[in-house]
Amino acid sequence: MQMLTPFLLDRLKRNANRPAISFFRKGRRETECSFQELDQDSARLALLFADRGVSRGDRVLFSLGKSLFFVTAYLAVHRLGAIAVPCNPDFTRSEKAYLVEDAAPKLIISREQDRDVFQAIALRTALIPVDETRPYQELPEIQNSPLPRKSGLEHHPDDPALIIYTSGTTGPPKGAILTQSNLAHDALNVSKIWEIGPEDRLLHALPLFHVHGLCFALTTCLLTGASVAMLDRFQADEVLTFLRSKDPACTLFMGVPTMYTKLLDSLEHGPEAFQHIRLWTSGSAPLKPAEFERIQQMLGKPPVEREGMSETGMNFSNPLHGVKKPGSIGLPLPGLQVRIVDPETGADLQTGQIGEIWLKGPSISPGYWNKPSETAAAFHNGWFKTGDLGKKDGEGYYYLTDRLKHIIISGGENISPKEIENRLNQLESVFESAVFGLPDETLGERVAAAVVPHPGATIQTDELQAYCREHLHKWKCPKQFFIVDHLPRNTMGKVLKHELQRLAGD
Ligand code: MLC
């Protein structure tokens, strides 16, 4: 069975002299490194982290923006057999505090400007604050660390290697554990089905704290010898400049549908400008058939829509060479078993019938960190219950039709209504609230909230906005608030979110 770390280290050595990553900050080249430099610098950092007490099985929290330092530190953590825990660096203090409490990291690597926050919320945890604006090779952590002798660490396929926090539908975020073999299988699958190899160059504009940007995009390139042009941010005009450039030309782009909408809305050139790009992939949120058509026309090739989850890695993809069906997530990836079942009885359904998608395969997480009851609820006899409803057509292509789980997907980000409701309900003037998604041209869905004040209390929308901004990452903050007398409920007392969506539409 393949394991991520030995496999990665082998590939770094095999591709030693090839360029690995060019890093661009605000559109300007900041630094670049070869596979050999990644190998040596990550070995130095591993030594430094070991010095700070990190060893096999320890968690290392990454609260960093995109940088080459992030990549080398990520590799260093794997070298030690430790577990990387990425955190969105723009999370609020309370969101960061929750992750620190849940993951109990041995080491936190943060942006320099967050030093005080982490010192306050993780008093006894080792902290390495990093000045990301300094060129990577000049960082004292790299310069001052000696090159170690070979490490003799043995990895095990079931060793947890990564914990990705994902929105809990009933409570706070849950850390999906991905093991050495989960990650290796997943990246190998992606490279196989999309034929990614050393002649490829990926334009990377995704965040590194999700499986999309970290596993499907970055890890796949590192394992295949493909080079990466990594941007610190997504900014449509900037991304288009890189996509058009032929010096050197990128061959791959991976995005969420919102990125494509933003790119196409800013586009002033015909598809000829992008001929060198052989593959456009879209995932993390449904791609509307109309956007599929726009991509095909304006960028010159049909996009490859695919589906994945933090808990499972990539599950489905339309074929690279075969028919790409708009509205379909495509075919199962190698090694994945799929069932469509009646969510009430667990009975298998026929082709064409809609049911819950259940999955089993080598990329699927063994469970959630520290959450045995959530883990037990997510699996049935070894099958992972995705919470997505879908169907299969006669040609074996799958389609997502609805969600059983209460999740809003906004700009490719999974957002838990419950987390926002719990937060709003803590406000003294709020009696209760219901958070729901509304269709949005650019984001796919946007977050909206209906709020019922306590009898006699008054609430201003501004106040709700400011409160949410203080406690929740800006992507989770409702874009619209509706102050209402009561929430519509069915006879069982369940809030009718479809009714709220209808009322908001009116
Ligand atoms: C930006 N905004 C969002 C938002 N992104 N609001 C809700 N949800 C989002 N995802 C808001 C900002 O807060 C701001 O509002 C306004 O939109 C403009 O912000 P911006 O900074 O200009 O936006 P931009 O940088 O263009 O961000 C859009 C984006 C970003 C698509 C680049 O959302 C993004 O990187 N999404 C990718 C998330 C991702 O990687 N998901 C993968 C999950 S893994 P205001 O009010 O502040 O001005 C997964 C598994 C799988 O799902 O299979 O992939």
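When I speak of a polar contact with the ligand, I mean a pair of N or O atoms within 3.5 Å. With that in hand, let me take you through this structure, which is a predicted model, starting at the ligand and then moving on to the salt bridges and the backbone.

On that definition, Trp475 makes a polar contact, because one of its polar side-chain atoms lies 3.1 Å from a nitrogen atom of the ligand, and the limit is 3.5 Å. Lys479 also approaches a nitrogen atom of the ligand, with an N or O atom of its side chain at 2.9 Å. Ser284, for its part, places a polar side-chain atom 2.5 Å from an oxygen atom of the ligand. As for how much of the ligand is covered, it would expose 1,000 Å² if taken alone, and the protein buries 78% of that area.

Which elements give two or more residues to the shell around the ligand? They are helix H8, spanning 211-224, helix H10, spanning 257-266, and strand E13, spanning 304-309. The ligand has 23 residues around it, and those that come nearest are Lys262, Ser284, Arg306, Ser410 and Gly412. If we sort the residues of the shell by character, nine are nonpolar, eight are polar and six are charged. Please note as well that both domain 1, residues 4-372, and domain 2, residues 409-505, contribute at least three residues each to this shell.

Let me turn now to the salt bridges, of which a search of the whole structure finds 30. I have picked out three pairs and one network.

The pair I would begin with is Asp10 and Arg14, whose closest N and O atoms are 3.1 Å apart. Where do these two residues sit relative to one another in helix H1? They are four residues apart in that helix, which covers residues 4-14, and so about one helical turn separates them. Asp10 counts as partly exposed, at 32% relative accessibility, while Arg14 is exposed, with a relative accessible area of 59%.

The next pair is Glu419 and Lys476, whose side chains meet in a salt bridge with an N to O distance of 2.9 Å. This pair links distant parts of the chain, since Glu419 belongs to helix H13, residues 417-424, and Lys476 to the loop between helix H14 (461-471) and strand E26 (480-483), with their positions 57 residues apart. Are the two partners buried or exposed? Glu419 has a relative accessibility of 16% and therefore counts as buried, and Lys476, at 10%, counts as buried too.

Asp440 and Arg446 form another salt bridge, with their closest N and O atoms 3.3 Å apart. Here Asp440 counts as buried, at 17% relative accessibility, whereas Arg446 is partly exposed, at 21%; the cut-off for buried is under 20%, so the two residues fall on either side of it. Finally under this heading, Asp90, Lys96, Arg111 and Asp114 are joined into one network by salt bridges that share partners.

Lys96, one member of that network, also leads us to helix H4, residues 93-103, where it is buried along with Glu95, Leu99, Val100, Asp102 and Ala103. Directly after H4 comes Ala104, and its phi is positive, near 45 degrees.

That brings me to the backbone, where it helps to recall that most residues other than glycine have a negative phi, and that most peptide bonds are trans. Lys26 has a positive phi, near 50 degrees, and is found in the loop between strand E1 (19-25) and strand E2 (28-34), where it counts as exposed at 59% relative accessibility. Asn381 likewise has a positive phi near 50 degrees, lies in the loop between strand E19 (379-380) and strand E20 (383-392), and counts as exposed at 65% relative accessibility.

Which peptide bond is cis? The one from Asp247 to Pro248 is, with omega near -10 degrees, and Pro248 is in the loop between helix H9 (236-244) and strand E11 (252-255).

I will end with Ser310, which is found in the loop between E13 and strand E14 (313-317) and is buried, with a relative accessible area of 14%. The C-alpha atom of Ser310 is separated by 26 Å from that of Ala449, a residue 139 positions away along the chain.

Terms used
Residues are numbered from 1 along each chain as its sequence is written. This is a predicted model: local features need pLDDT of at least 70, side-chain atom pairs count only at pLDDT 80 or more; totals for chains, interfaces and linings use all residues. Side-chain values use heavy atoms; hydrogens and water are left out. A residue is near a molecule or strand if one of its heavy atoms lies within 4 Å of it. A polar contact is a pair of N or O atoms within 3.5 Å; within protein, one must be able to donate a hydrogen and the other to accept it, and residues adjacent in sequence count only if both atoms are side-chain atoms. Accessible areas come from the Shrake-Rupley method with a 1.4 Å probe; for residues, only the protein chains shown count as cover. Ala, Val, Leu, Ile, Met, Phe, Trp, Tyr, Cys and Pro count as nonpolar, Asp, Glu, Lys and Arg as charged, and the others, Gly among them, as polar. Domain bounds come from an automatic or database domain assignment. A salt bridge is a side-chain nitrogen of Lys or Arg within 4 Å of a carboxyl oxygen of Asp or Glu. Buried means under 20% relative accessible area, exposed over 50%, partly exposed in between (1.4 Å probe, protein chains only).
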